[in-house]
Amino acid sequence: NRVYNLKFTDLNYEKPIDSLNVSFSYKLNSKFSVGLGSGVNFVFEERPDIRNEYHNKILIPFFTRLRYQTDLNTKFVFISDLNAGYQYVNFKHGNTQNGYLFQESGGLLLNVDLGLGLKMTKFTPILKVGYELNQFNNKNSLGWISEYNYEDIIDYKTYYHLLKISLSLRI
């Protein structure tokens, strides 16, 4: 068995990611709060082993949140979120007697958002823009290449850099 390790591979999602995340926060003072959150993200992307063939993937984030918020005036609030956690995924493709041809598992999740909210009577809708970094761990069999065996595996990490636009609701 040969195992190859690669350090970094940068990829970007070309298709939008549909997601629904929920977080619960504890207010430390009038400006800061901390919380926990989770959700589900749906991704439609190209398969790693076959060109021009696509698949659906489900991601489940688990994160902690540090939030800063301040009132700009009586109608608007500014919010900044810093999230850190783990993005769970367990994608496997191409089952053989010797294991899968491709495996992807979860990894690091980092996110920062800036938002502007409009205060209403019972809730505050918040429009946010942000950046998110997702890191995934991958194993790929080299058995489909004639001079390698299926037990020859390459381990590598993929990093997804996302620009986010989201609508939140503070209740």
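What follows is a walk through the strands, the salt bridges, the largest pocket and a surface patch of this protein.

This is a predicted model, in which local features need pLDDT of at least 70, side-chain atom pairs count only at pLDDT 80 or more, and totals for chains, interfaces and linings use all residues. Residues are numbered from 1 along each chain as its sequence is written, and side-chain values use heavy atoms, with hydrogens and water left out.

Start with the fold. The protein has zero helices and nine strands. Helices (H or I, at least four residues) and strands (E, at least two) are DSSP runs, numbered from the N terminus. Read from the N terminus on, the order is β-β-β-β-β-β-β-β-β. Of the 171 residues, 35% count as buried. Buried means under 20% relative accessible area, exposed means over 50%, and partly exposed lies in between, with a 1.4 Å probe and protein chains only.

Three residue pairs show how the chain comes back to itself. Take Val43, which lies in strand β4. Val43 counts as buried because its relative accessibility is 2%. Val43 and Leu59 are 16 residues apart in sequence, yet their C-alpha atoms are 7.7 Å apart in space. Next comes Ser23, in strand β3. Ser23 has a relative accessible area of 26%, so it is partly exposed. Twelve residues along the chain separate Ser23 from Gly35, and their C-alpha atoms are 6.5 Å apart. Last is Gly94, in strand β6. With 22% relative accessibility, Gly94 counts as partly exposed. Its C-alpha atom is separated from that of Ser141 by 9.6 Å, with the two positions 47 residues apart along the chain.

Now the charges. A salt bridge is a side-chain nitrogen of Lys or Arg within 4 Å of a carboxyl oxygen of Asp or Glu. By this rule there are seven salt bridges. One of them joins Lys57 and Glu104, with the closest N and O atoms 2.6 Å apart. This pair links distant parts of the chain: Lys57 sits in strand β5 and Glu104 in strand β7, 47 residues apart. Lys57 counts as buried because its relative accessibility is 3%. Glu104, at 4%, counts as buried too.

A second bridge brings together the side chains of Arg67 and Asp81, at 2.6 Å from N to O. Here strand β5 provides Arg67 and strand β6 provides Asp81, and the pair links distant parts of the chain, 14 residues apart. Arg67 has a relative accessible area of 11%, so it is buried. Asp81 is buried as well, with a relative accessible area of 0%.

A third bridge is formed by the side chains of Lys128 and Asp113, at 3.7 Å from N to O. Lys128 is in strand β8 and Asp113 in strand β7, 15 residues apart, so this pair too links distant parts of the chain. Both Lys128 and Asp113 are buried. Through shared partners, salt bridges join Arg65, Arg67, Asp81, Asp113 and Lys128 into one network.

Turn to the empty space. Rolling a probe the size of a water molecule over the atoms shows where such space is left. On a 1 Å grid over the protein atoms alone, a pocket is an open set of points where a 1.4 Å probe fits, with protein on both sides within 12 Å along at least five of seven lines, and lining residues have an atom within 4 Å of a point. The largest pocket has a volume of about 1,100 Å³. Its lining is made of 46 residues, and those nearest its centre are Asn21, Arg65, Lys128, Ser166 and Ser168. Strands β3, β4, β5, β6, β7, β8 and β9 each give two or more residues to this lining. Strand β9 gives the largest share, ten residues. By type, the lining divides into 20 nonpolar, 16 polar and ten charged residues.

Finish on the outside. Tyr26, Leu28, Phe32, Val34, Leu66, Leu82, Val112, Tyr131 and Leu163 form a nonpolar patch on the surface, with about 870 Å² of accessible area together. Patch residues have over 30% relative accessible area and no salt bridge, and nonpolar side chains (Val, Leu, Ile, Met, Phe, Trp, Tyr) are joined within 5 Å. Within this group, Leu28 lies in the loop between β3 (18-27) and β4 (32-46).

Notes. Patch = residues over 30% accessible without salt bridge, like charges linked within 9 Å, V, L, I, M, F, W, Y side chains within 5 Å. Areas by Shrake-Rupley, 256 points an atom, 1.4 Å probe, with all protein chains shown as cover. Points joined across faces, edges and corners; volume = space filled by probe spheres on them. Nonpolar A, V, L, I, M, F, W, Y, C, P; charged D, E, K, R; others polar.
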